[in-house]
Amino acid sequence: MMDFIEISVIVPVYNVEKYLCQCVESILSQTYRNFELLLIDDGSKDNSGNICDEYAKNDPRIRVLHVENGGASYARNIGLNIAVGDWVTFVDADDWVSSNYLEELVKDVDSDDMLILYPPVKVIDGNQFKAEVNDFNFCSNEGKRLFVEYGFLSFSEPHSKLFSLSVIRKYDIRFPEDVIVGEDGIFISRYLFYTNGIKVRNTPIYYYRYSETSVQKKIYDSKIEWRAYQLWKFELEKLCNQLGINSESDSIYNLLSSLLTRYMNSVVCDSKKSIKDRYILLKNIPLVDKRNYGRRGISSIQGRLLRFIVNNDCDLLLFILLIFRQKIYRCLLYTSDAADD
């Protein structure tokens, strides 16, 4: 094992006082000792910032930076700017890692231009769900092509991975701060473009506390949603061109469909725009995007109806279907939120 490798662990922190101690303690208990822990307090309004400072007083490996709230991408980018390690890994402040997390990551390093991925264990209401994957070694562009085609880009979150800081800095790879959703996929796609090897391991070492966050539930302005979709589509197409993959393949549009769905929903839900303007925005989505979106969920009645509508370029019917679906979704969401209260 390459004990001389230093790892920078970057943790963006925002209003997570309930979970922060578990996260930090799991990192400090690592069997691999050569690391620094960067806690980027992103303008927390609760006691998270004070918790970070208390930990830093007792452990010289911890550095804390308090910044005005700018979002997770902003906080991660600050961490990348000040990191001194050879490699970097991200941990979300409401997650935790096993004591051998860094040891497992670093033992697979054999070049300075690779990506190490350990699919996270999803934790929902205390129940753990482990991704069923096999160990893989992907080398050169042919390996990266298989990595994409096997669907591993669905693990697009920055956590549970090891990145080369030299690659990130050489090619100025950063999280886009002008989008609110999809930024993780954009970052990982940019990074993959410059890698020469990828290793995927099946060992459960990262525990991802899943919840329907406000970012996941909330639909933003259609311009913001469209920019997120376009940015990730651009990065994926660039990667596909490098690897000789059809950018309209299922493996690509399965990734993009969630962002396209968000954009469509943001259009039909925008009460500030007239129905006519919303319809025009939906109609102006390129046909290739709508048709690939319509390939999803074809086993259901709604899915088959959606596919028929988009394949026959029936934008008015698509508009009506999306409005109807949003009304049902909002009704269910309101009922769910009321029950939670």
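# Notebook: salt bridges, core and a buried lysine

**Entry 1: a salt bridge to begin with.** I started at Lys-273, which forms a salt bridge with Asp-270. The closest N and O atoms of this pair are 2.6 Å apart. I then checked the exposure of both partners. Lys-273 is partly exposed, at 25% relative accessible area. Asp-270 is buried, at 12%. I note that this is a predicted model, so every value here is computed from it.

**Entry 2: the whole chain.** I stepped back for the totals. The protein has 341 residues, and 50% of them count as buried. I find 14 helices and twelve strands. Among contacts with a separation of 6 or more, 78% join residues 24 or more positions apart. The exposed surface comes to about 16100 Å². Carbon and sulfur atoms supply 52% of that surface.

**Entry 3: more salt bridges.** How many salt bridges are there? The count is 16. I looked up two that link distant parts of the chain.

Lys-199 pairs with Asp-110, with the closest N and O atoms 2.8 Å apart. Lys-199 sits in strand 11 (residues 197-200), and Asp-110 in the loop between helix 4 (101-107) and strand 6 (114-117). They are 89 residues apart in the chain. Is Lys-199 buried or exposed? Lys-199 is buried, with a relative accessible area of 13%. Asp-110 counts as exposed, at 54%.

Glu-235 pairs with Arg-190, and here the closest N and O atoms are 3.0 Å apart. This bridge joins helix 9 (residues 222-243), which holds Glu-235, to helix 7, which holds Arg-190. The separation along the chain is 45 residues. Glu-235 is buried, at 7% relative accessible area. Arg-190 counts as partly exposed, at 23%.

I also noted a network of salt bridges that links Arg-76, Asp-92 and Asp-184.

**Entry 4: helix 3.** Arg-76 took me to helix 3 (residues 72-82), where Arg-76 is one of the buried residues. The others listed as buried are Ser-73, Ala-75, Asn-77, Ile-78, Gly-79 and Leu-80. What covers them? The cover includes four strands: strand 1 (7-13), strand 2 (35-42), strand 3 (62-67) and strand 4 (87-90). It also includes helix 6 (165-170) and helix 7 (183-193).

**Entry 5: the nonpolar core.** The largest nonpolar core has 99 residues. Which members touch the most others? They are Val-11, Leu-37 and Phe-147. Helix 10 (residues 250-268) gives this core its largest share, ten residues.

I followed Phe-147 further. Beyond four places in sequence, Phe-147 contacts Leu-115, Leu-117, Phe-138, Phe-152 and Leu-153. Leu-192, Ile-198 and Val-200 complete its list.

**Entry 6: Lys-144.** Lys-144 lies in helix 5 (residues 140-149). Lys-144 is buried, yet it has no salt bridge. Why not? The nearest side chain of opposite charge belongs to Asp-113, 8.5 Å away; a salt bridge needs the nitrogen and oxygen within 4 Å, so Asp-113 does not qualify.

What does the Lys-144 side chain make a polar contact with? One partner is the side chain of Gln-242, at 3.0 Å. A polar atom of the Lys-144 side chain also lies 3.1 Å from the backbone oxygen of Thr-195.

I listed the neighbours of Lys-144, leaving out residues up to four places away in sequence. They include Phe-138, Cys-139, Leu-192, Phe-193 and Tyr-194. Thr-195, Ile-198, Gln-242 and Leu-243 are also touched by Lys-144. Phe-138, Leu-192 and Ile-198 were on the Phe-147 list as well.

**Entry 7: positive phi.** Most residues other than glycine have a negative phi. I looked up two that do not.

Ser-140 has a phi near 60 degrees. Ser-140 is placed in helix 5. Its relative accessible area is 33%, so Ser-140 is partly exposed.

Asp-172 has a phi near 50 degrees. Where is Asp-172? Asp-172 is in the loop between helix 6 and helix 7. Asp-172 counts as exposed, at 56% relative accessibility.

How values were computed. Residues numbered from 1 in each chain as written. Predicted model: local features only at pLDDT ≥ 70, side-chain atom pairs only at ≥ 80, totals over all residues. Heavy atoms only, no water. Core = buried A, V, L, I, M, F, W, Y, C linked by side-chain atoms within 4.5 Å. Buried < 20%, exposed > 50% of the residue type's maximum accessible area, 1.4 Å probe, protein only. Helix = DSSP H or I, 4+ residues; strand = E, 2+ residues; numbered from the N terminus. Contact = heavy atoms within 4.5 Å. Lys, Arg positive; Asp, Glu negative; His and termini not counted. Polar contact = N/O pair within 3.5 Å; in protein donor to acceptor, adjacent residues only side chain to side chain. Areas by Shrake-Rupley, 256 points an atom, 1.4 Å probe, with all protein chains shown as cover.
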